[in-house]
Each structure stands twice: as structure tokens, then as C-alpha cells.
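Q: I have a model open here and would like to talk it through before going back to the bench. Could we take it piece by piece?

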Amino acid sequence: MQTLTDQNWLLSVGVFLPLLGVLVMLFIPRGEEALVKTVGIVTAGVTLAVGIYTLFAFNYGESQNLQFFVDAEWIPVIKAGYTVGLDGISLPLYFLSMAVTFLVMIYSWDNMPEAGNPKAFFILMLVLQTGMAGTFVAQDLILFFVFFELVLLPMYFMIGVWGGEQRQYASLKFFLYTMFGSAFMLVAFLALFFQTGAESFGFQHLIEAGAGIDKDVQVWIFAGMFLGFAVKVPMFPFHTWLPDAHTQAPTQGSVILAAILLKLGTYGFVRIALPMLPEGAVEWAPVIAILAVIGIIYGALGCLAQTDMKRLIAFSSVAHMGFVMLGISTLTTFGINAALFGMVAHGLITGMLFFVAGSIKHRYHTLEIKRLSGMLIQMPRMGWILGFAAMASLGLPGLAGFWGEFPAILSAYSPGFGLSEPLYRTLMVIAAVGTVLAAGYLLWLYQRTAFGEPSEEFAGMSDAEHNAAGGGHGHVAHSLSSAANDHPDAHADAHDEIHDVGLTEWIAWSPFLIAIVVFGVYPQLMFKIFDPAVTQMIDRMTVTLGK
Amino acid sequence: MIAALLSAFPAQAPDWVSPTIDWHALAPELILVVGINVVLLIDLMLEDSKKWAIATLTGFICLAAFIPVVTLAVIGDDTRSMFDGRYVVDNYALILKALFLLTAYVVILMSQNELEEGGYYQGEFYVLLLCSVLGMVMMASARDLVSIFVALELLSIPAYMMAAWRKRDVKSNEAGIKYYLLGVFASAVLLYGMSLLYGATGSTLLTEIGATLNDDTLTALEVVAVVFVLCGFAFKISAVPFHSWAPDTYEGAPTPVTAFFSVASKAAGFVAIMTLVFIAFPGVTDVYEPLLWVLSALTMTVGNVLALRQTNIVRMLAYSSVSQGGFILMPLAFAGQPSSSASAMNAVIVYLLVYAVMNLGAFSIVIAVSRKTRSGEISSFGGLFSYAPGLACAMTIFFASLAGIPPLAGWFAKFNAFKAVLDSGTTAAYVLAGIAAVNTVIAAAYYMRVLRVVWMDPVPDGDMTPIKPPPSIVAAIVLTAIGTIVLGVLPNLVARFGNLQDLTGALSP
């Protein structure tokens, strides 16, 4: 595997820049809220600028090779290095983490969760950003592990301090589940290290040497990694932390969880488990596929039973990640490409849904589906955005969600490496039923909340209704001006008026909406980045398994 | 009779050669000895109002004793062996001496205000503390059953008294008595084991014992001897089932003393076990490996499960320290495997160093906060984040590090322990690693519960006055917090210590 070392400072800057912002923020008094927020957003913005520069500097012709590669000494005693690099598999996720953090921070400008204290909140988000970006560029198991775990504490505190009623339970559950998985993952990493001759924790070395391990041993090591990554994804029997964490987390936490943190698990499968343990992967693939499809159906049925909008979206994540895992489990170029696309698409779409849910909660102070209705009358723009995101989520062709789901299902028709075709084709059919269920629960959700007349409880409270009553003058002008000045008094008499989408919400959301359309219309934009890297990975697996 | 004995002495006199003494190598011990006397004398002459100066002086004595440790390490050309190899100053001893002296320094920082404000005897306390430290520093160099025993008693006896230092408090009395009775019992077991060991091998010198003991020619007597010796030290490191003294003693003793016990005194026990395992027992892996395996698995599991149920923070830290002991012990259960003996020693030493830093930090926070809340209940930490964010963040650093979350130092200690165990590659190793992995999660549960109280609960009594800890405690917190972060990000700073070849006379198994 070749590596390109031009501009090798770029990734380190991109990963650690947020910590510089944290350092600055530590010296700002807690009372200076505006300054704290500005510094936080500027830091995230500069980080994103580094990310955009990375997008331009990236050599797309060689996206199968690691670029901006650094291999420096870190802990020579245990043969772990500071090895970072970026290839086609990591680049979209790396950039997504930067963009999402930045947009979430903009959203937080005037949508702070109730517990207040923006200083701590913004610091935690920046630390989280370092952990997420670091995980996607790490090319050394120990470095990967450190970044992978670094996201735990900030998310624990975000859910626990700024979350909803059951936040303490949810945060601890999230923490312990992940901790449980990663403890076994670490043991598996060490086993892999020793089985390959205890020479290096570097990915490149392990990919070359890992194939030489006995099949039985590979299966065991894969099991350890499976525990760590499957909890994070989360896959079917390990998913129970997710609905709690998502429901209780503040909007910002939910968005980051959905958009990035869940991808750490699937990314781990693609980056570490499959290429390093090809034989183990082949043995485990049917198990993963079955659990993935159970997750699809179970998640969908779970959605149909929910009465809370946020919890419904959380369960839909279980289903969507099921499609991603199904794609991965086929061990084909097609399936893994679809899975990677599905990861980004799910991040954008479900992130968007959580944003909308958060904003609805902010206005109605409830997310109970049966109390919400007639949103299209009360907040037409919000209602349309919800509809748009729901359509994208159910996999409407032309929007990004389609290109994650449809090829994943299709890829199960002919799985690679002699995996059982009857099994995978059966699973394919069941998964296809899952998409119907997805359309069911999302449309049902949309019907109940957006259509119809506003419920009595909230009737007559919205701007839109006032305008309609007052002759409908200057609708656009009014909503723009209200966006600029509605929030200072929003807390004072929140039940009085239900405003439509505000200015910061527009700024934070429009990149999501645009990206969902762009990737939906022209998916090749992303596939062509993934494909060379995925092809190279599968080719190498073919070579090692063919021996 | 006596006359006959006395008259026999001159006859032996020609055999006796005065040992050559390497003054440089003994300098840390000698500085401590002089320091003990100086503190004692000055304390006699000092008025009560100026007693605070004693703490500062004691701190400087520890730092002064640290200087020769550094110079010896810098010169570091060869090992300095004295008294026929019974007292050895090598790199292994030096890093441990550094650990004990710096731990003592931080404990002194923590004790100063506690003693002053509690109205306890100060001069005597510091004399005893220095005596105990002297015992630990000697333990690092002791390579003979007798010198190990002398070092052990020298470090233990002052500790019994320090545990009971709050003499008007029933709990502190209980702490002292319990510690004393069980400690003496353990010493008796140990001494009995040592006498058997001497009887079986004919020597008290560890290297000679190591040359004699062998799995193939093992006798029942030798097995009993090895087991008794190890069990004697298992008391000191509060390994389950010899841990029952620890929670009561930790809770009753003044908090800085508890910190001292859970870090320094425990480390001394580990040092003794390590020295014995690597020098005296490398031939009897069949005996000590299963024993340590069981002790380690029991210690980490029982300690953790009991810690889950605690409502008092010091008791929780006591049980957590028991369970951390299990993690430290874990690599030693595979010290006899050729592939893992080097990494086992490295793992234990790294763990001891890291554990000292983070645990001292945790205790400093407890001291700082309980000065205000006057309570040891975990619930009294409620809302700490809202009125003392700095302390809350430092506490987060220490507890997360104890839980083993990267990038704080604890992760590397745990990781290294796992690595050493798996290095041996046996099934027993994978089983123990699995048990340890589950324990990591259990431990995270109670550490996170404390952090949850700190960050998420309301202030129990509504008293939001900020905490202003005295400067010495602030210094202790800052030092340990920086240490915890730096060692977590750059673990190589500690990972290079504790090589097997540093321990002179360690026999390859």
C-alpha cells in the first residue's frame, strides 16, 4: 500500500485545532456567554475550513492510498505509533464530523438546552470533535482506541447534564454499554497484536500480517471486536442504550450521536475488523447479516409502537444502521460502498430529523405524537422540512437515503466469498419488507404531526395563524424579522407564540438539506471517493482468502 | 554459658570484615534518617503556633532525599550492591524510591491543613511518616528475607499509629486497632513462611533461595513456605480475601493517611511481592502463578462489587483501591512465562506509578471538598460542578483516569496490564483478561456514579459558597492533575521504567 506524505501536518491540525479553542475558552469567565459561544463557533469554523482545504488538497485519483500520512513515534515501548492518514473511506466521514460539529454549534447559538452553561457545553462539543475526527484518521490500533474512547466522556456529560427527565439513567447506560464493548475490543486488539508477532499496532502492518492468523483464532478475535463495534453501531441485541440515549440527549447531542458517533462502529468494521481478519469476517458475516436484518425489522416495529417523536427517530436509527450492516456483511465492493454511503446519508438525514424534533420540542414543549398536529398550518416551513427529511429517511429515490438502502439490499442478492446465497436472498427479501415498514412509520408520523388541524391545546398560538387572521400581510418579512428577535423573549412566554424556522436554524439546517439533495441526485460524487479504497480492500481479501 | 559465648567472639573476629559502604547509594536513606532526627529535635523546641513549619521541613527532607535518587539514576552506570548482595541499589530500586519519596511529598502537602485545623500532634506525625517512608525506600532495595522483613515492619508500625491519629474519634481508633491486629497477624504468617523458607533452602538471600527452589524438586515444605510468604504480603496489598481491614481502616484514618496507605504502603507490598517473585521464586511458577491468578481475579471482582454499594466516598475509594490492586497483581500471575515476564514487571511498575498519581489526586479532591461539606457521603458532592467547576473538572480527570478512560493516565496502566497478561498467550491468560475486561465495566459504573453526582445532582444543602482550598492542597491537585493528563497522552514517560534487566539478580524463568 502506498502512502502520500505531502502536507502531512494537515490532519494533525484538523484533529487538534478544537483543543486549542478549548484552551482559550478555559480562560474566559463563565458569565461571558456570547464571547464563549463566539470562540467556540470560530474554532469549529476554522476547523471546518481546514477540512474544506483537505477536501481540495486530497488527491482523488489515488483515494485508495493513505494521504497526508504521518508515522511518528508515540509509545515505542508498546510499539504504538502516532500514525494518521486519510483515504477514500475516511475522508467523507472525517469531513462530515467537522461540518456537523460546526453546524450544531451554530444551532446552539440561541438554542441552548435548559441547563445553561454554554462554556462547558461548547468545550465538550469541541473535545468530542477531536475524538471523532481522530478516530477517522487514526491508522494505529492504540491511537484509534484512544480517540474512540475520547468521545465517551463528553457525550456522557452532554446527555447527563443537558438531557431530559431520565438523563442520568440514559447517560450511565450509554457509558456502560460502550465501555463493556470497548473493554473486549481492547482485548481483541491485543490478541491481534500478539498473534501477528507483536511488531506493530499500525493498520498497514496488521492488514498484511493479520491474514496469516489461524482461522479459529481469527474467529475469536473477530468476536471481541464485534462486541466493541456492534455496541457502538448499535446492532440488534446491543441496541437498547440507543433509544434512551437519543431520547434523553439534548438536540445537539442527538444530532452528533446520530450523525457521527454511530458511524464509529460501522467504520471500525470496515476499517479494522474486515481487512485484518478476513477469515474471521467470512465466518461472522452470516451472523452479522442475520442480526442486521433482525435490527431492520425490529427497529421498524419499534418505531410503529412509539408515542414519542424523538424515540421513534431513535428506533429508526436502529433500522437504518441495520441496512448499513447488511451491506457490510455481504463482503462485496457493492455492499460496502452502499454501507459507506448509507453511513453518510443516515448521518445527514437522521441528524436533520433530530434537529427538527429538537426545534419542535423547543416550541411545543412536548414531542408526544398525539398532542402534535397541524404543523403545516402552524409552521409551514418546519412542516415541509420535516416532510422532506422523512421522505429522505424512508429512502425516496432522488434523495440521499435511497443510495444507502437500495444498493445495500441489492448487494445481498449475491454475497461474496462463497457466503450462502439462499440465506442472503431470504434476508434481502425481509430487508425489503423493512423498507415498506419504514415508509409506513415515517408517513404515519408525518400524517399525525403535520397534517390536519392544530390540536386544541396549541391552536391559535402560531405566527402563521396570527398572520392569516390579520390579513396575511408580509408573511416572509414577518418571519425573518421574528427570527432575528424572537428568541430573547422565547423563554418568557414560550406558549404564546409558535414561530416558524428561525435564522440560526436556517443557517444550521440548509447545508444538511442541500447535501441530502445533492447526494441524492448525484451519488457518484461520493461513490467515486469510496470505491477505489473499497475495491482495493476487497481485492486484498480475495487474494488472502484465495490462498 | 554467656562467658563461653563471649569468649567465642574474639575467635571469630578475624573472619569479620567491615563491609564497604557506598555512601552515595545509601544517601537517600541517610538523608531520611538525619531528617527524622532533625524533625524530632526541632519539634521539641518549636512553639505551638509555629508547628506549621514542620510540614514544610518534612516536605523538603523528602525532596532532599530525592536528589541522590536522581543523581544515582543519572550516573546509572552499574548497580551498587552492598552487604553481600543483601541491599542493592539498581534502576528498579531507584524508580520505586522516587515513587515513594514523591508520594510522601504529595501526602505532606495534603496533610498540612488537615492536621493544623484538626488540632492533632504535628511533629510526631511527620516523624512517623518519615519513618514509614524510610521503610518503603529500604524495601525497594532489600534483597534478603531479613532486610525485607525489617523494611516491612519499619513501614508498618508507624502506619498503625498514623491510622489512629484522630484519637478522639472512635472510628479512627477502630481503624488503628484493626490495622494493627491484622497487620501483626499478617507479619506472623509472613515470618513463619520466611522461617520455613530459610529452613528449606538454608539461606535468607533471595538469589540463593531462587537458585534452590525449583518446580521439579519441590517439597511440601517449600510450597507452604512460598504460599505463606505471599499471603503475608497479600494482607499488605489488601488482596481478597485478606482485605477486610482496608475499608474500615481507610474510612477511620485521617484522609491524607488513607491516601498514603492506599498508594505508598500498598506499593511497598507490591514491591516486596515483585522482588520475591522475580528473584526468589522464578523456579516455582507452579506454586505462585495459580495462587496469584486466583488472588487477582478475586481481588478485582470482590473489590469492585463491594465498591458498587458504597455511599461513603472514602469507603468507595477503599474498595476501588482493593480492586485496582487486583489489576496490579494480574500481570504477576504470568511473571513466570518466558514471553511475558519482562512485560509483567513493566506493567506492575507502570501501574504503580500511574496509580499513585491519580489516586493521590482523587484523595486531594476529597480532602478539599470535605473541608466545606464536612461529610464523606457521596451525595454531599452533589452539584459540585455548579459552585466549584475547577474542582469538579479535576475530580472528573482523576475518576475517569481511575476508570481507565483514554486519554488519561489510567488507560495506559490498564492497557499495559492487559498486554502483559496476553503476552503469555495461554488460555488462563485470556480467561483472566476476560474477567478483567468485565471488571473494567463494573468499575466504570461506580466511578461514573460519583461523577454523575458531581455534575448532575443538585446541591444537597443549597450552600453554593465557592470552595477555597488551601494552597498546599491546590498544589497537590495541580501536580497530580497535570501528571494524570501528561502521562495519559505521552505514556512513554513512564513506560520506559521497570525493565526486567533493571532488577539485579532477576533469574530468567
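A: Gladly; please keep in mind throughout that this is a predicted model. A good place to begin is the overall form of chain B, where a compact globule of 509 residues would have a radius of gyration near 23 Å, and chain B has 23 Å, which agrees.

Q: What does the C-alpha trace of chain B span along its principal axes?
A: The C-alpha trace of chain B spans about 80 × 60 × 45 Å along those axes. Of the 509 residues in the chain, 60% count as buried.

Q: And what is chain B built from, in helices and strands?
A: Chain B has 20 helices and two strands. If you take the contacts in chain B between residues at least 6 apart in sequence, 82% of them join residues at least 24 apart.

Q: How does chain A look on those points: what are its radius of gyration and its box?
A: For chain A, with 547 residues, a compact globule would have a radius of gyration near 24 Å, and the chain has 23 Å, which agrees. Its C-alpha atoms fill a box of roughly 75 × 55 × 45 Å along the principal axes. There are 22 helices and two strands in chain A, and 61% of its 547 residues count as buried.

Q: What share of the contacts in chain A comes from residues 24 or more positions apart?
A: Such residues account for 78% of the contacts in chain A with a separation of 6 or more.

Q: Let's stay with chain A for a moment. How do β1(A) and β2(A) run, and how many bridges join them?
A: Strand β1 of chain A, residues 67-75, and strand β2 of chain A, residues 80-86, run antiparallel and are joined by six bridges. The two form a hairpin with four residues between them, and in that turn Lys79(A) has a positive phi of about 65°.

Q: Which residue in β2(A) stands opposite Val70(A)?
A: Val84(A) stands opposite Val70(A), and Asp71(A) stands opposite Thr83(A). As for its surroundings, β2(A) is mostly covered, with six of its seven residues buried.

Q: Switching to the contact between the chains, how many residues does each one put in?
A: Chain B gives 25 residues to the contact and chain A gives 27 residues. On the side of chain B that touches chain A, the elements giving two or more residues are α17 (409-423), α18 (427-456) and α20 (492-495) of chain B.

Q: Which of those gives the most?
A: That is α18(B), with 11 residues on the side of chain B that touches chain A. Sorted by class, this side of chain B has 17 nonpolar, four polar and four charged residues.

Q: Now the interior. How many residues does the largest nonpolar core have?
A: The largest nonpolar core has 418 residues, and those with the most contacts inside it are Leu101(B), Val133(B), Met139(B), Val348(B), Tyr351(B), Leu352(B) and Val354(B). Helix α14 of chain B, residues 341-373, gives the most to this core, with 22 residues.

Q: What does Leu101(B) touch, if I leave out residues up to four places away in sequence?
A: With those left out, Leu101(B) touches Cys62(B), Ala65(B), Phe66(B), Val69(B), Val133(B) and Val137(B).

Q: I should check the backbone too. Where is the peptide bond cis, with omega near 10°?
A: That is the bond from Val240(B) to Pro241(B), and Pro241(B) lies in the loop between α9 (220-236) and α10 (245-252) of chain B. The peptide bond from Pro406(B) to Pro407(B) is also cis, with omega near 0°, and Pro407(B) is found in the loop between α16 (389-403) and α17 of chain B.

Q: And phi: which residue has a positive value of about 55° although it is not a glycine?
A: Arg374(B) does, and this residue is found in the loop between α14 and α15 (384-387) of chain B. Arg374(B) counts as exposed because it has 7 C-beta neighbours inside 10 Å, where 12 or fewer is the cut-off.

Q: What about Phe417(A), where does that one lie?
A: Phe417(A) lies in the loop between α17 (400-411) and α18 (421-450) of chain A, and its phi is near 55°, a positive value in a residue other than glycine. With 17 other C-beta atoms within 10 Å, Phe417(A) is partly exposed.

Note on methods. Residues are numbered from 1 along each chain as its sequence is written. Chains are lettered from A and ligands numbered from 1 in the order in which they are written. This is a predicted model: local features need pLDDT of at least 70, side-chain atom pairs count only at pLDDT 80 or more; totals for chains, interfaces and linings use all residues. Two residues are in contact if their C-beta atoms, placed from the backbone, lie within 7 Å. Ala, Val, Leu, Ile, Met, Phe, Trp, Tyr, Cys and Pro count as nonpolar, Asp, Glu, Lys and Arg as charged, and the others, Gly among them, as polar. The radius of gyration is taken over C-alpha atoms; the globule rule is 2.2 Å times the number of residues to the power 0.38. A residue is buried if 20 or more other C-beta atoms lie within 10 Å of its own, exposed if 12 or fewer, and partly exposed in between; C-beta atoms are placed from the backbone. Two strands pair if DSSP finds at least two bridges between them. A nonpolar core is a set of buried Ala, Val, Leu, Ile, Met, Phe, Trp, Tyr and Cys residues joined through C-beta atoms within 7 Å.
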